[in-house]
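Got the viewer open? Here is a walk through the chain, one selection at a time.

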Amino acid sequence: MTFEKIHLEETDSTNHWLKEHDDGRDLVAWTDYQTAGRGSGTNTWESERGQNLLFSMLIHPVSLKPTEQFRISMAISLAIVHALQPLTSLTIKWPNDIYWNDRKLCGILIENSLTGHYIRQSIIGVGLNVNQTVFLSDAPNPVSLQQITGKNHDCEELLDSIISSFTLDINPFDYRSLLYRQEGFHLYRDRQGDFEARLKTVEDDGHLLLQDRQERLRRYAFKEVEFRILGKPSEEVKGVGIAEYKV
């Protein structure tokens, strides 16, 4: 895909900016600072000015049916992991958080607009922690590339690598092969309480399929289940000095 790239010194949200400037072109807007950066739901995204990669991609995937929209989530997750592969090994926490070990490096917010039998517009917002080393919000497990590699990185070079890696022509197996918690049983929580389960698969439509210790299959849509992480107290990660946290 070919994108026109637009740099903004500051904006409220790159997702919002692209919504207001959609003229049919595929665009990428990136900024040094967002005054109202968003995570999923009501969450905000913490980012020190000029230290991280904050961008959104506007695409018009009219060849995709609404039932195929999870392909967009898989595509951007794979693009980021592949672009950063020369720097470090990463996994994808369902549906599309990018993880280094048990710590969150990157968050993604996707907003799709549907018209009839196709996806008219998709805006993919990405917040990638690059050079920030101190996190002040109550996010439990952030990490940056600088903390992982010990080096500062050029945000625009990283952006160009991600853009060049992005394609909707992906194999879902590649996404599944990079999923976080591939092996063994782990702790989760749904509205009925905590349970241990192992990852079975992520279905093509985006549902997460877990198998608990009683061999029962549990199927979840986004926001229907929490990943619970047990952690030891640490001075390196703000918020991990508690016995357990959710991500």
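Leaving aside its neighbours within four places in sequence, which residues is Ile80 in contact with? Select Ile80 and look around: you should find Ile98, Cys106, Ile108, Val126 and Ile162. One thing to keep in mind as you go: this is a predicted model.

**Stop 1: the surroundings of Ile80**

Ile80 sits in helix 2. Its relative accessibility is 0%, so Ile80 counts as buried. While you are here, pick Leu90 as well: ten residues along from Ile80 in sequence, with 9.3 Å between the two C-alpha atoms.

**Stop 2: the whole chain**

Now zoom out and switch to a cartoon view. The chain has five helices and 13 strands. There are 247 residues, and 48% of them count as buried. If you count contacts with a separation of 6 or more, 58% are between residues 24 or more positions apart.

**Stop 3: the sheet**

Next, colour the strands of the open, seven-stranded sheet. Going across, the order is 1-2-3-7-6-5-4, and the pairing is mixed. At the edges you'll find strand 1 (4-8) and strand 4 (91-93), each pairing on one side only. From one strand to the next, the twist averages 20 degrees.

Here's some background for this view: strands of a sheet pair through backbone hydrogen bonds, either parallel or antiparallel.

For the parallel sense, select strand 1 together with strand 2 (residues 27-31), which pair over five bridges. Within this pair, look for Leu8, which stands opposite Thr31 of strand 2.

Two helices to add to the view now. Helix 2 (residues 70-84) packs on the sheet, touching strand 3 (53-59), strand 4, strand 5 (97-100), strand 6 (103-115) and strand 7 (118-128). Compare the direction of helix 2 with that of strand 6: the angle is about 145 degrees. Helix 4 (residues 155-165) also packs on the sheet, where it touches strand 1, strand 2, strand 3 and strand 7. The direction of helix 4 makes about 30 degrees with that of strand 3.

**Stop 4: around helix 4**

Which residues of helix 4 are buried? Show the side chains of Cys155, Leu158, Leu159, Ile162 and Ile163. Look down the axis of helix 4 and you'll see these buried residues fall within an arc of 135 degrees, so they line one face of the helix. A handy rule goes with this view: an α-helix has 3.6 residues a turn, so residues three or four places apart point the same way.

Swing around to the other side of helix 4, where Glu157 and Ser164 are exposed. Then turn back and ask: what covers the buried residues of helix 4? The cover includes strand 1, strand 2, strand 3, helix 2, strand 7 and helix 3 (145-149). Before leaving, check the start of helix 4: a side-chain oxygen of Asp154 comes to within 3.0 Å of the backbone nitrogen of Glu156.

**Stop 5: helix 1 and Thr14**

Select strand 1, helix 1 (residues 14-20) and strand 2 together, and you have a right-handed β-α-β unit. Now pick out Thr14, which belongs to helix 1. Is Thr14 buried or exposed? Its relative accessible area is 2%, so Thr14 is buried. Show the side chain of Ser56 too, and you'll see a polar contact with the side chain of Thr14, at 2.6 Å. Not counting residues up to four places away in sequence, what Thr14 touches is Ala29, Trp30, Thr31, Gln34, Leu54, Phe55 and Ser56.

**Stop 6: strands 4, 5 and 6**

Head over to strand 4 and strand 5, which pair in the antiparallel sense over three bridges. They form a hairpin with three residues between them. To see a bridge here, select Ile92 and its partner in strand 5, Ile98. That's the Ile98 from the list of contacts of Ile80.

Keep going to strand 6. Strand 5 and strand 6 run antiparallel and are joined by three bridges, with Tyr99 opposite Lys104 of strand 6. This pair forms a hairpin too, with two residues between the strands. In the turn, click on Asn101, which has a positive phi of about 55 degrees.

Last pick: Lys93, in strand 4. With a relative accessible area of 4%, Lys93 is buried. Then select Phe227, 134 residues from Lys93 along the chain, and look at the gap between their C-alpha atoms: 9.1 Å.

Technical notes
Residues numbered from 1 in each chain as written. Predicted model: local features only at pLDDT ≥ 70, side-chain atom pairs only at ≥ 80, totals over all residues. Heavy atoms only, no water. Pairing = 2+ DSSP bridges. Helix = DSSP H or I, 4+ residues; strand = E, 2+ residues; numbered from the N terminus. Axes fitted to C-alpha atoms, helices over the stretch in contact; angles between N-to-C directions. Contact = heavy atoms within 4.5 Å. Buried < 20%, exposed > 50% of the residue type's maximum accessible area, 1.4 Å probe, protein only. Arc of directions from axis to C-beta. Polar contact = N/O pair within 3.5 Å; in protein donor to acceptor, adjacent residues only side chain to side chain. Right-handed = clockwise from strand over helix to strand, strands pointing away.
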